[in-house]
Amino acid sequence: MQFRDFIMPERVISNLSASTKAEAISELINPLFTTGVLADNLRESVLAALFHREELGTTAVGNGLGLAIPHAKHPGVRGLVGVFGRSVEGIDWEAADGKPVHLFILLLSNGEYADRHLEALAYISRTFRNKDFRNLLLKAANATQTEDFLEDADNEE
């Protein structure tokens with residue numbers, strides 16, 4: 001499992017404009033609709049699935065990582081898809097460490113991809129433990145540079 005398996009270049013947002021968790025989730029799913037990965041008629045039900053998952057417990061990783069992985073399973077998703085986002089300002093995501101979240105990976109799959117979904121979560125968690133990698137993403141000048149850093153992480157795996 002690698003980032004390139006679920007995050008495409010057109011699904012990288014280098015500077016989220018959102019200031020709340022709800023706004024961020026709404027903004028993070030946009031590339032999935034604008035690129036045709038998901039049909040427009042699924043927007044409300046996908047949002048509902050993601051918000052429901054957050055109600056079960058925050059998807060912020062905590063431990064000073066500044067990372068959240070909003071994720072859900074939805075029958076309208078084909079395969080495993082993801083979006084990377086960065087908030088320069090940071091967003092309160094109710095992390096256990098009380099710190100704002102700056103880095104986000106939104107992950108969606110359907111029930112048939114449960115194993116791949118778990119593999120992706122493990123890969124994200126493992127890769128983002130690297131402080132140097134997180135710092136590169138935080139300092140990336142644009143989406144292209146962010147994509148390059150994600151690709152470099154894949155190549156080191």
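Which helices each supply at least two residues of the lining of the largest pocket? That was my opening query on this model, which is a predicted one.

**Pocket**

I pulled up the lining by element and got helix H3 (114-128), helix H4 (131-139) and helix H5 (143-156), each with at least two residues. H5 gives the most, with four residues. For volume I noted about 200 Å³ of space in this largest pocket. I then listed who sits around the centre: of the 12 lining residues, Thr-127, Asn-130, Phe-133, Ala-153 and Glu-156 are the closest to it. Sorting the lining by class, I counted five nonpolar, two polar and five charged residues.

**Cores**

Next I looked up the nonpolar cores. The largest one has 28 residues. Ranked by contacts inside that core, Leu-38, Leu-50, Trp-93, Phe-104, Leu-106 and Leu-108 have the most. I checked which elements give two or more residues to this core and found two helices, H1 (21-34) and H2 (43-56), plus two strands, E4 (80-91) and E5 (101-109). H1 gives the most here, with six residues.

Apart from this core I found another, of 23 residues; Ile-7, Val-12, Leu-103 and Ile-105 are among them.

**Trp-93**

I picked Trp-93 from the big-contact list and asked what it touches, leaving aside neighbours within four places in sequence. Trp-93 is in contact with Lys-21, Ala-24 and Ile-25, then Glu-54, Thr-58, Thr-59 and Ala-60. Ala-68, Pro-70, Val-101 and Phe-104 complete my contact list for Trp-93. Phe-104 also turned up above among the residues with the most contacts inside the largest core.

Notes. Residues are numbered from 1 along each chain as its sequence is written. This is a predicted model: local features need pLDDT of at least 70, side-chain atom pairs count only at pLDDT 80 or more; totals for chains, interfaces and linings use all residues. Side-chain values use heavy atoms; hydrogens and water are left out. A nonpolar core is a set of buried Ala, Val, Leu, Ile, Met, Phe, Trp, Tyr and Cys residues joined through side-chain atoms within 4.5 Å. Buried means under 20% relative accessible area, exposed over 50%, partly exposed in between (1.4 Å probe, protein chains only). Contact means heavy atoms within 4.5 Å. On a 1 Å grid over the protein atoms alone, a cavity is a set of points where a 1.4 Å probe fits but cannot get out, and a pocket is an open set with protein on both sides within 12 Å along at least five of seven lines; lining residues have an atom within 4 Å of a point. Grid points are joined across faces, edges and corners, and a volume is the space filled by probe spheres set on the points. Ala, Val, Leu, Ile, Met, Phe, Trp, Tyr, Cys and Pro count as nonpolar, Asp, Glu, Lys and Arg as charged, and the others, Gly among them, as polar.
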